[in-house]
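Please look over the model below before reading on. The text then walks through it, site by site.

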Amino acid sequence: MPAADGAVERFRAARRDPELVVLEGFHALKHALRFGAEILEAAGPEPETLQALARRLAPDMAERIEECVRPVDPERFRRLAPVPPATGVIALARRPALRPEALLYSDDTEPVVALERPAHLGNVGAAVRVAAAAGAAGVLSTGPHDPWQPEAVRGSAGLHFALPVVRADEIPASDRPLVAIDPEGEPLRPGALPPRALLVFGSERGGIDEATLARADLRVGIPMRAGVSSLNLATAVAVVLYSRLLDRS
Ligand SMILES: C[S@@+](CC[C@H](N)C(=O)[O-])C[C@H]1O[C@@H](n2cnc3c(N)ncnc32)[C@H](O)[C@@H]1O
């Protein structure tokens, strides 16, 4: 479909459409393609510059990017997103249909990362990115934010397509051991995390809800120097997931 034909309206409407994903920038498009996203349309004002970038940074995806990105005039491109991506490309993809139960009850023995009411979509994206890198089974988030909002997908650099990312109203009950990752918990030690854990991380300001803490099978803290109150949410996710990988090496 030509990018000039109603593209501004389509890209704007897609930001609120639960069946679509807006991919802002080259890295988001690259990862989405690499992990099997169905791209519905993509537009960029300078196809040759974009191709040079793709050949340099992602030669495995350069041909696919060339095939799917349509040229659009710079003035129209600037209107496709509130902040036009600096890497000169924006795309729409179909959102995978996923349910929390399918993630929680999957056979995958890797941990599921649960973010309880995260406030910042950038943190959600950074958590998805590290969960994808560390081989987590998936990411679940509660609270008002849709974890597939463009800002979160930008934060994950499109790695939402590399693992299941779902929203739930509450931290669901499941047969996975519920591990609260909380500064007040027992210090994180090698072997501390059980297989198939549901690792719950709290919100940036308030931490984990009391009711969720009461349900936890285990409460684990990341040791910190005296005087430091807490780590950034996505940093805490990274430490816990990678400590587990290092346990195995
Ligand atoms: C910015 S912190 C929230 C700080 C909040 N004031 C509290 O007391 O929990 C966001 C989340 O990151 C995780 N986190 C941050 N630092 C941590 C640490 N040292 N140990 C365990 N979890 C930590 C926890 O899941 C926490 O709920």
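**The ligand and its surroundings**

The ligand occupies the largest pocket. Keep in mind that this is a predicted model.

Start with the shell around the ligand. It holds 18 residues, and I181, G202, R205, I222 and L231 come nearest. By type, the shell residues divide into 10 nonpolar, 5 polar and 3 charged. Three elements each supply at least two shell residues: strand β8 (178-187), strand β10 (218-221) and helix α10 (233-248). Of these, β8 gives the most, with 3 residues.

Now turn to the polar atoms. On I181, a backbone N or O atom lies 2.5 Å from an oxygen atom of the ligand. On R205, a backbone N or O atom is 3.1 Å from a nitrogen atom of the ligand. L231 also takes part: one of its polar backbone atoms is 2.8 Å from a ligand nitrogen. Taken alone, the ligand exposes 550 Å², and the protein buries 86% of that.

**E110 and helix α10**

Helix α10, which supplies at least two shell residues, spans the positions of two arginines that contact E110. Those partners are R244 and R248. E110 itself sits in the loop between α6 (100-104) and β5 (112-115). Is this glutamate buried or exposed? Its relative accessibility is 16%, under the 20% cut-off, so E110 counts as buried. The side chains of E110 and R244 are joined by a polar contact of 3.1 Å. A second polar contact, of 3.0 Å, links the E110 side chain to that of R248.

D247 lies in α10 as well. Its relative accessibility is 37%, so D247 counts as partly exposed. Compare its position with that of A102. D247 and A102 are 145 residues apart in sequence, and their C-alpha atoms are 27 Å apart in space.

**H160 in its loop**

Next, go to the loop between α8 (150-155) and β7 (165-167), where H160 is placed. How much relative accessible area does H160 have? The value is 1%, so H160 is buried. Its side chain has two polar partners to look at. One is a backbone atom: the oxygen of P147 lies 2.6 Å from a polar atom of the H160 side chain. The other is a side chain: S156 makes a polar contact of 2.8 Å with the side chain of H160.

**Two arginines with positive phi**

Finish with the backbone. Most residues other than glycine have a negative phi. Which way does phi point at R117, positive or negative? R117 has a positive phi of about 45 degrees, although it is not a glycine. R117 is found in the loop between β5 and α7 (121-133). With a relative accessibility of 33%, R117 counts as partly exposed.

R196 also has a positive phi, near 60 degrees, and is likewise not a glycine. This arginine belongs to the loop between β8 and β9 (198-201). Its relative accessibility is 18%, so R196 counts as buried. The loop of R196 follows on from β8, the strand that gives the most residues to the shell around the ligand.

Key. Residues numbered from 1 in each chain as written. Predicted model: local features only at pLDDT ≥ 70, side-chain atom pairs only at ≥ 80, totals over all residues. Heavy atoms only, no water. Near = heavy atom within 4 Å. Polar contact = N/O pair within 3.5 Å; in protein donor to acceptor, adjacent residues only side chain to side chain. Areas by Shrake-Rupley, 256 points an atom, 1.4 Å probe, with all protein chains shown as cover. 1 Å grid on protein atoms, 1.4 Å probe; cavity = no way out; pocket = protein on both sides within 12 Å on 5 of 7 lines; lining within 4 Å. Sits in = over half its atoms within 2 Å of the grid points. Helix = DSSP H or I, 4+ residues; strand = E, 2+ residues; numbered from the N terminus. Nonpolar A, V, L, I, M, F, W, Y, C, P; charged D, E, K, R; others polar. Buried < 20%, exposed > 50% of the residue type's maximum accessible area, 1.4 Å probe, protein only.
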